[in-house]
Amino acid sequence: MAATHRIAGQGRLTPAKTLRFTFDGQQLTGLEGDTLASALLANGVHLVGRSFKYHRPRGILSAGAEEPNALVGVERDATRKTPNVRATVQELYDGLKANSQNRWPSLSFDVGAVNDLASPMFSAGFYYKTFMWPKAAWKNFYEPKIREAAGLGVAPDQPDSDHYSARYEHCDVLVLGGGAAGIAAALAAAETGARVILADEQAEFGGALRFEAGAVIDGADGWSWAQATVAKLAAMDNVRLLSRTTAFGYYAQNFVGLVERVTDHVASPDRDLPRERLWQVRAKRVVLASGAIERHMVFADNDRPGVMLASAARTYLNHYGVAVGKNVGVYTANDSAYAAAIDLKKAGVNIAAIVDLRDNPSGELVEQARALNIEINHGRAVIRTAGRLRISSMTIQPKNGGGERTIPVDALLMSAGWTPSVHLFSQSRGKVAFDEETKRFLPGAYAQDCVSVGACNGTDGLSASVEEAYAAGAKAAKEAGVKAGKGAKPKVEASESWSRGMLGAGPGAGPDTTVKAFVDFQNDVTAKDIRLAVREGMRSIEHVKRFTTNGMATDQGKTSNMHGLAIAAETLDKPIPQVGLTTFRAPYTPVTFGSIVNHGRGALFDPTRKTAMHGWAEAHGAVFEDVGQWKRAWYFPRAGEDMHAAVNRECVTVRKSAGLFDASTLGKIEVVGPDAAKFMELLYTNPWEKLEPGRCRYGIMLREDGFIYDDGVVGRLAADRFHVTTTTGGAARVMNHMEDYLQTEFPHLNAWLTSVSEQWAVIAVQGPNSRKIIEPLVEGIDLSDEAMPHMSVREGKICGVPTRLFRMSFTGDRGFEVNVPADYGQAVWEALWAEGQKHGACAYGTEAMHVLRAEKGYIIVGQDTDGTVTCNDAGLDWAVGKKKTDFVGIRGMMRPDLIAKGRRQLVGLKTKDPKEVLEEGAQIVADPKQPIPMKMIGHVTSSYWSENCGRSIALGLVAGGRDRVGQTLYVPMPDRTIEVEVTGTVFFDEKGERLNG
Amino acid sequence: MLLIRCPYCEEERPELEFRNAGEAHIARSTNIAAESDEDFEKFFFIRSNPKGIIFERWRHIHGCARFFNAVRDTVSDKFVMTYKAGEPKPDLAKIMKTDKPAAVAAEVDPQEDKTKKPAAKRAAQKGDA
């Protein structure tokens, strides 16, 4: 198809630079510099999509970021598909592939369009009332069907193969919006020497100068001035220009999020380049120059392809050289649409008629239109349009009623006036104020160090805007602390100025007939829907918005919010400010997940922590489990073994001979200083003052509320030095907890805390042969039971390396924990492994560790406790220093509820069938025959098969559990009920003889 | 993202480096074991949650690791000031005089000024922190 609608001599693109692209498979051509929208229009294509709810044919409404209709899918390959791309924003590149959305089987024949005929069923709030019966059908039938029929593009089904990057930046003055005002502000700030960033969402700076043909600045036409000035800024070292960059969010303390589209306009992007780059800019001052957005007219069937904003048609003509039609109608309540008619007429396009809702339009543009013999119908309204896939005519009528007249057109331009873009100002928590005279919301009270200039500030006319912006830019630089240099203020010699326009529905929008006069194109919200919402009791605009979904689509109501508000206000018979304006929220336009996540994907999503012995475990076939950020060896299967077999073997081997276990992930904190013992007394329930150097104690840490927070073995290395271990998961928060008390509650104590978790690799050697395994490698430590009893710690050497050697056990068998500097972890492990081999020892993982400790009833904080368990509940009263007068939690654990009878206590559970292994988390009841919901008296916290016991074992928290020992309780499962006997918590070696065995 | 001035580093740093640590000037009794249930409830559970000025604790966890105190407006999120742990609670009327309406001060729930038994050894408490 030829570019039939490109007019020679119009626009700024170069005719020789052609690009090929496809739309729904059809081969088309455009020019370098086109957007997808301008290229489609150049080929006479208006129909580009189907609407969200009614599947109505839709065209291109705008020429910018506010586009609600022309959403397409753009794909490069299977892993680079982007749905809901605004055709007005997507720059054309050679080979671009675009597809229309929300239609089946084709764009021109869409089965879903039956929704349009059935539209009475889909009025505002329909999903709250229409499909309510029968209840079950909502979930299984109505909702899936409605979701299938409604909607826009299809989400990609493969991971995005593009990558995204992020940068932080600081500047003195950040100018958001690169139209005339933004450029002038940036220029003024830059001339002082301030560090300036100027950002604009479009490919080229210039904003409304793109279409405003009448502007002359510093002797040049507006567009040329903009390009020349931007070139000047680009040459300055203190200026950063960010084109194709949208400021999407304005956060606290002048922190602005921007996203730069780096390669979306490139035919074959360099795969080393990110697709998008997130900029997080902290600015001393922000200048908002975000412009204004034209509103459409609200009348019946105002959504047919070919109906568009007047400024958009002007942009397509003056910038892209594209005529949006050959016989064009104009419907307006505002002067600016006249300029579009005049430009098109001068370019040789027939203007069928201008229909002006105002009674006596006057002014320079009106006169010019008359002089060009354009028919002007004032005091009249367009009451409907015709045409299935493209507008074919408009029907007009005097606005107070009377004879209708139908005028054939192939495009209809509309303008109800301009809405200042106060989005970013509002996001900065500034308060907008309604200006009665001009019927628009403007920046009122500022909350941050920013200023609005130009159209977004309600400043009308290019000359006034540039003047205001230049002054604001210079002032912002000064306020940012930059001593002034000085430049020359741009002089605006000619500009256009527009009068106001209207808010709300025109005469062709009802009242309350079946006509569809669209307010929000993207969410298919009509004037009637908003009136209905008010009739059904919605009073606040926030309620109207949610009930109708007006302004809730991805365009966030850029064209629809003010109309919706005005219609609601009129129906409520209240002034607009009393009905209120909905809050503007980030993002200004849709932002990809990719840019937000940027580098934080895959391996960079979260740090992975590996112990010093990780490589050995990997080489020996370990299966790993994630414990927080740690990778821990879970079990070491041998050939032919499943997890169950491997764990059974490891458990048996440890108790029969010995096992090596990597315990490096335990948190380790060194508490040092003259008051170290006093500090320990306050942070742990246990007494520490009398613990002799060289001995260890199992410590329990409470929160102030009296519940168990952490536990671990603590070794006293010297009078003033403790080696504290914490749970793997608790390491960081225990350190924070300790620091908090040391710094703010007990600052009088002279003690220091150092996290040494990663300094020490820890190899647990457990089992009857453990001493034999370490003995040949240890120097300077007497390992005899007399010299080094259970729960003691010694410093010496192992394999020639310094060690802190703990005699301790988390298995119930004789055991040691060998701490060595992490760098030597693997070497010492390998030496111990070699010794272990001589005794038939194995390496065991976290699963066997869990089973072995459960056989002994040793708790795991966070598994057998859950933040509501006291020492007494866990059977650990013995660890609370009875004579102590203060420790964290001492008061909390005395609270009435914590000492009440009937609390859940930790007990052992043996299933009647020894082969049956309970599910962790399963609930426990006393009477299985009671009606549902049953009274649950406890739950299973730990449950395993114990090969050493030859049966299953479990721990659980049961109300009044210790008084129930010997009783039978029940664990109801979906398919059966399991009988369990309540027992003590120790299943193996109840006398504890094996610790010295 | 907020910028927070660490009174120890004497620098404004991004919020990412800090962690909030709850309300400030809540003193842990030096004889906590003897506290009544009511007093313990006030100390441990009850927080002011004001709309307006709040005194709160922060930790420069990814910096100097020190806990310090801050005065912040919960409506605007703006920090009025930060100060070191152990320094006395600032006089709200005085600090708000310059740029805030008196109404803001009225919204503040005057933190129960726990009668702290001035234990001789106790240089500072979370209360003063």
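**Two chains, from the interface to the sheets of chain A**

In this predicted model, 25 residues of chain B are in contact with 22 residues of chain A, two residues being in contact if their C-beta atoms, placed from the backbone, lie within 7 Å. The largest contribution to the side of chain B that touches chain A comes from helix α1 (residues 37–44) of chain B, which gives three residues; helices (H or I, at least four residues) and strands (E, at least two) are DSSP runs, numbered from the N terminus. That side of chain B is made up of 14 nonpolar, three polar and eight charged residues, where Ala, Val, Leu, Ile, Met, Phe, Trp, Tyr, Cys and Pro count as nonpolar, Asp, Glu, Lys and Arg as charged, and the others, Gly among them, as polar.

Residues are numbered from 1 along each chain as its sequence is written, and chains are lettered from A, with ligands numbered from 1, in the order in which they are written. Because the model is predicted, local features need pLDDT of at least 70 and side-chain atom pairs count only at pLDDT 80 or more, while totals for chains, interfaces and linings use all residues.

Within chain B, B:Arg59 lies in strand β4 (residues 53–59), and it counts as buried because it has 23 C-beta neighbours inside 10 Å; a residue is buried if 20 or more other C-beta atoms lie within 10 Å of its own, exposed if 12 or fewer, and partly exposed in between, with C-beta atoms placed from the backbone. Leaving aside neighbours within four places in sequence, B:Arg59 is in contact with B:Phe18, B:Arg19, B:Ala21, B:Ala65 and B:Phe67.

Chain A is assigned domain 1 (1–157), domain 2 (164–292 + 420–494), domain 3 (297–415), domain 4 (503–578), domain 5 (662–852) and domain 6 (854–996), with bounds that come from an automatic or database domain assignment. Between the C-alpha centres of domain 2 and domain 5 of chain A the distance is 60 Å.

Towards the start of chain A, five strands form an open sheet of mixed pairing in the order β2-β1-β7-β5-β6, strands being paired if DSSP finds at least two bridges between them. Its edge strands, each pairing on one side only, are β2 (26–31) and β6 (80–86) of chain A. Inside this order, strand β1 (residues 18–23) of chain A runs parallel to strand β7 (residues 96–99) of chain A, joined by three bridges, and A:Phe21 has A:Leu96 as its bridge partner in β7(A).

Further along, strand β24 (residues 411–415) of chain A has five of its five residues buried, with A:Ala411, A:Leu413 and A:Ser415 on one side and A:Leu412 and A:Met414 on the other. Strand β17 (residues 307–309) of chain A runs parallel to β24(A) over three bridges, whereas strand β18 (residues 327–332) of chain A is joined to β24(A), also in parallel, by five bridges.

In a regular strand the side chains alternate between the two faces of the sheet. Strand β51 (residues 977–983) of chain A shows such alternation, with A:Ile978, A:Val980 and A:Val982 buried on one face and A:Thr977, A:Glu979, A:Glu981 and A:Thr983, which are not buried, on the other. Strand β46 (residues 904–911) of chain A pairs with β51(A) in the antiparallel sense over four bridges, and A:Lys910 stands opposite A:Glu981. Strand β50 (residues 968–972) of chain A is likewise antiparallel to β51(A), over five bridges, and a hairpin of four residues joins β50(A) to β51(A).
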